[in-house]
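Trainee: Could you take me through one part of this model up close, and then show me how you'd work outwards from there? I'd like the whole chain of reasoning, not just a list.

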Amino acid sequence: MLSNQSVDTIIHARWVIPVIPQNTVYENHSVVISGNQIIDILPSTDVTAKYTAKETYNLDTDHALLPGLINAHGHSAMSLFRGLADDLPLMEWLNDHIWPAEAKWVDEAFVADGTLLAIAEMIRSGTTCYSDMYFFPNVSAKVASEHKIRTQICFPVIDFPTAWAQNSEEYIHKGVELFNQYRNSDYVTVAFGPHAPYTISDEPLKQVATLADQLNAQIQIHLHETAFEVQESIEKFGVRPIQRLADLGLLSPSLQCVHMTQLNDHEISLIAQSGAHVVHCPESNLKLASGFSPIDKLINAGINVALGTDGAASNNDLDLLSEMKTAALIGKAVAGDASAVNAHQALEMATINGARSMGLEDKIGSLEAGKLADIIAIDLGHIDCQPVYDPVSHIVYATNSHQVTHSWIGGDIHMKNRQLSMIDTFHLTERVKQWADKIKSVD
């Protein structure tokens, strides 16, 4: 008689939602992990006949297992600016408050603490991989790597000087060095992050397109975020921003277009033909009154739409579960169709679509044998969640972040019964309070 295969971890759950295959929910199934990978998903009744685990989690009563959520756009360190300048239009918010605050406070220590604060919040709300665009990306990458969370670091490229670099040439030079440093990292992927069409001129954008192609790297940019941005581009360059990027050679499957609230049918067709991705940030767009991205039109055009929170300074949280619900509800209202952006599509936006936008769909974004064991558990047993007819519908429309109980990244436990295992939250909270006292004293 053959002995059972020895594995590291077995997780039993009432529901397993793999995302791939689409529209699938397994009931009373288990996920088997060996090393950093999923090796099997099978009925819980069949597990003991095949496997013996070093550690077993019995979550079968009322938990759902699903892929770790992927936050495809944010500015992690800006968590230290949460609530600093609320209820203001985007350009006033940026020009009169955020950019001056950044000029005064942002340094390596600020970015280290702000990034760790964001990571703690994201893990507690179900995110296991996130995209970050901010200054001192070398610090952000180090913090993420040390705490074993997956991240796409989009190093900034802009025309004007900041504490991290003096001009576009220096931003690009430092960024390419960072790319080479983390080329073989298990946790950090480095991408180009030209901030927006209104903060970077043509030549650096051309250079970004060329280098990203040579390095097989992704590019993320804020694009068509406001009507003002589009009108300014027409006045300055004679074309709308998307057309300008197309003319400069940036539209490609490597491009992640963030926000995209101001779109016409020709531009939707242009994005679809190019294979570029859209990163939807509905709550930030709502808060800054930037507009509405026509998500249903984008999906129907075959465009990959991922989901992001943006930074905590403009959201004001990094809760991707909340973002899924908002995306689904707004998608229906904008389309004038209650069947638009259904629950399964919203979940795909927060998981596999985010992975596709980062070029990581062969590693993360779904629960499949051979993929990395980035997994979260959500407790659907709360009284305010009863009854449960469809766990996917519940997760999108009736669940909050406090129901996320467990999180694994590459098979490593990061949260168990709501307790973080890799972050010293006590001392982090003390440092955050010190930052708040300093920033508030001169605001």
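Mentor: Let's agree on one term first: two strands pair if DSSP finds at least two bridges between them. Keep in mind too that this is a predicted model.

With that, start at strand E14 and its neighbour E15 (residues 412-416): they pair in the antiparallel sense over three bridges. Serine 407 stands opposite methionine 415 in E15. Now zoom out to the sheet around them, which is open, has eight strands with mixed pairing, and runs E3-E2-E1-E4-E13-E14-E15-E16. At its edges are strand E3 (37-43) and strand E16 (419-420), each of which pairs on one side only.

E13 sits between E4 and E14 in that order, and alanine 377 is a handy way in, as its place is in strand E13 (residues 375-379). Is alanine 377 buried or exposed? It's buried, because its relative accessible area is 0% and the cut-off for buried is under 20%. Leaving out residues up to four places away in sequence, alanine 377 touches Leu59, His63, Ala64 and Leu65, along with Gln403, Val404, Thr405, His406 and Trp408. For a sense of distance, its C-alpha atom is separated by 14 Å from that of leucine 320, 57 residues apart along the chain.

Trp408 in that contact list brings us to the rings. How many aromatic pairs does a search of the whole structure find? The search turns up seven. One of them is tyrosine 57 with tryptophan 408, edge-to-face, at 5.1 Å centre to centre and 80° between the planes. Tyrosine 57 lies in strand E4 (residues 51-67) and tryptophan 408 in strand E14 (residues 404-409), so this pair ties together parts that are 351 residues apart in sequence. Tyrosine 57 counts as buried because its relative accessibility is 7%. Tryptophan 408 is buried as well, at 0% relative accessible area.

Set that against tryptophan 99 and phenylalanine 160, an edge-to-face pair with 6.1 Å centre to centre and 65° between the planes. This pair also links distant parts of the chain, 61 residues apart: tryptophan 99 is in helix H1 (residues 90-105), and phenylalanine 160 is in the loop between strand E7 (150-157) and helix H4 (168-181). Here the rings aren't buried: tryptophan 99 counts as partly exposed at 26% relative accessibility, and phenylalanine 160 counts as partly exposed at 35%.

There's a ring cluster too, with Phe81, Phe110 and Trp435 linked by ring pairs. The ring of tryptophan 435 also has the charged end of lysine 438 sitting over it, 4.0 Å from its centre. A similar arrangement turns up for lysine 104, whose charged end sits over the ring of tryptophan 105, 5.2 Å from the ring's centre.

Next, follow the chain into helix H2 (residues 108-124). Aspartate 107 caps its N-terminal end, with a side-chain oxygen 3.2 Å from the backbone nitrogen of alanine 109. At 1.5 Å a residue, the 17 residues of H2 should span 24 Å, and the end C-alpha atoms are 24 Å apart, which agrees. Because 13 of those 17 residues are buried, H2 is largely enclosed by the rest of the structure. Just after H2, glycine 126 takes a positive phi of about 100°.

Then comes strand E6 (residues 127-133), mostly covered, with seven of its seven residues buried. What joins E6 to its partners? Strand E5 (residues 69-71) pairs with E6 in the parallel sense over three bridges, and isoleucine 70 stands opposite cysteine 129 in E6. E7 also runs parallel to E6, joined by five bridges, with tyrosine 130 opposite threonine 151 in E7.

Finish with strand E9 (residues 219-223), another mostly covered one: five of its five residues are buried. In a regular strand, side chains alternate between the two faces of the sheet. Both faces of E9 are covered, with Ile219, Ile221 and Leu223 buried on one side and Gln220 and His222 buried on the other. E9 runs parallel to strand E10 (residues 255-259), joined to it by five bridges, and histidine 222 stands opposite valine 258 in E10.

Definitions and conventions. Residues are numbered from 1 along each chain as its sequence is written. This is a predicted model: local features need pLDDT of at least 70, side-chain atom pairs count only at pLDDT 80 or more; totals for chains, interfaces and linings use all residues. Side-chain values use heavy atoms; hydrogens and water are left out. Buried means under 20% relative accessible area, exposed over 50%, partly exposed in between (1.4 Å probe, protein chains only). Helices (H or I, at least four residues) and strands (E, at least two) are DSSP runs, numbered from the N terminus. Rings of Phe, Tyr and Trp (its six-membered ring) pair if their centres lie within 6.5 Å; planes under 30 degrees apart count as stacked, over 60 as edge-to-face and the rest as tilted. A charge sits over a ring if NZ of Lys or CZ of Arg is within 6 Å of the ring centre and within 35 degrees of the ring normal. The expected span of a helix is 1.5 Å times one less than its number of residues. A polar contact is a pair of N or O atoms within 3.5 Å; within protein, one must be able to donate a hydrogen and the other to accept it, and residues adjacent in sequence count only if both atoms are side-chain atoms. Contact means heavy atoms within 4.5 Å.
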